[in-house]
Amino acid sequence: NNGIYPINKSTANIGYFKHLKNTIIDYISIQQDNHKLRTESYAASLLSTMAKKSLFRQYTCYNFNYTNINGFAKELGCRNNLNVKYIHGNLQDKNVIFGVGEDQLVNSYDFLKKKNQGAKGMLFQEELYKADEVIVFGLAFGRNDIHYFIDFFKSIQSGRITPKITIYTYNEQEK
């Protein structure tokens, strides 16, 4: 813009943010479409096992990324759909949610807050506390997602709740 900046930079940044989101949607979609499913992977094995045991209807899968879990299941020969709820949006709807937590920004940058973009973190946390069993697969508990689990793990540690927990790690180092 030839060095001329609008008085309210956050308004201009909304446009940049939308462009970035669309670019990321395009990139992730291409990556998903061009993937080669590794049928021998632990993820494929878990998905197949759940399908064979008709567990698809008993479990809800909370997906923290944007990929099509049921599309992967179909590639593995699964006929049933898993009940998938997307915490941060999904590629099918061309809606990906990324941003920051609720207390990290000034008001003029509210568009960066995940909850303002439609993130379903609160719904996930409510249902997490009601679960009898929780299986965690493919989640690193990194800085962006650990806040969904901190109080839950503290509640288990204190004995207030007692769900069965299974956590699959990528390898021994990740464990």
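Me: Why is Phe 137 called partly exposed in this predicted model?

Reply: Phe 137 has a relative accessible area of 34%, and because the label buried needs a value under 20% while exposed needs one over 50%, Phe 137 falls in between and is therefore called partly exposed. This residue lies in strand β5, which covers residues 133–137.

Me: What makes Phe 137 eligible for a nonpolar patch on the surface?

Reply: Patch residues must have over 30% relative accessible area and no salt bridge, and Phe 137, at 34%, passes the first of these conditions. Phe 137 forms the patch with Tyr 42, Ile 135 and Tyr 168, and together these residues have about 410 Å² of accessible area.

Me: How do you know whether His 88 is buried or exposed?

Reply: The relative accessibility of His 88 is 4%, and since anything under 20% counts as buried, His 88 is classed as buried. His 88 sits in the loop between β2 (83–86) and β3 (89–90), and, leaving aside residues up to four places away in sequence, His 88 touches several others, including Asn 63, Tyr 66, Lys 114, Asp 145 and Tyr 148.

Me: What makes the approach of the His 88 side chain to Phe 64 a polar contact?

Reply: The side chain of His 88 reaches the backbone oxygen of Phe 64 at 3.3 Å, and because the limit for such a pair of N or O atoms is 3.5 Å, the distance falls within it.

Me: Why is the pair of Phe 64 and Phe 124, one of twelve aromatic pairs found in the whole structure, called edge-to-face?

Reply: The ring centres of Phe 64 and Phe 124 are 5.3 Å apart, which is within the 6.5 Å limit for a pair, and their planes stand at 90 degrees, which is over 60, so the arrangement is edge-to-face. The two residues are 60 apart along the chain, with Phe 64 in the loop between β1 (60–63) and α3 (69–75) and Phe 124 in helix α4 (residues 121–130). Both fall under the 20% cut-off and therefore count as buried, Phe 64 at 14% and Phe 124 at 5%.

Me: How do you know that Phe 141 and Phe 149 are also an edge-to-face pair?

Reply: Their ring centres lie 5.0 Å apart and their planes meet at 85 degrees, again over 60, so the pair is edge-to-face. Phe 141, at 21%, is partly exposed because this value is not under 20%, whereas Phe 149, at 2%, is buried. Ring pairs link these residues into a cluster whose members include Phe 64, Phe 124, Phe 141 and Phe 149.

Technical notes:
Residues numbered from 1 in each chain as written. Predicted model: local features only at pLDDT ≥ 70, side-chain atom pairs only at ≥ 80, totals over all residues. Heavy atoms only, no water. Patch = residues over 30% accessible without salt bridge, like charges linked within 9 Å, V, L, I, M, F, W, Y side chains within 5 Å. Areas by Shrake-Rupley, 256 points an atom, 1.4 Å probe, with all protein chains shown as cover. Salt bridge = Lys/Arg side-chain N within 4 Å of Asp/Glu carboxyl O. Helix = DSSP H or I, 4+ residues; strand = E, 2+ residues; numbered from the N terminus. Buried < 20%, exposed > 50% of the residue type's maximum accessible area, 1.4 Å probe, protein only. Polar contact = N/O pair within 3.5 Å; in protein donor to acceptor, adjacent residues only side chain to side chain. Contact = heavy atoms within 4.5 Å. Phe/Tyr/Trp six-rings, centres within 6.5 Å; stacked < 30°, edge-to-face > 60°.
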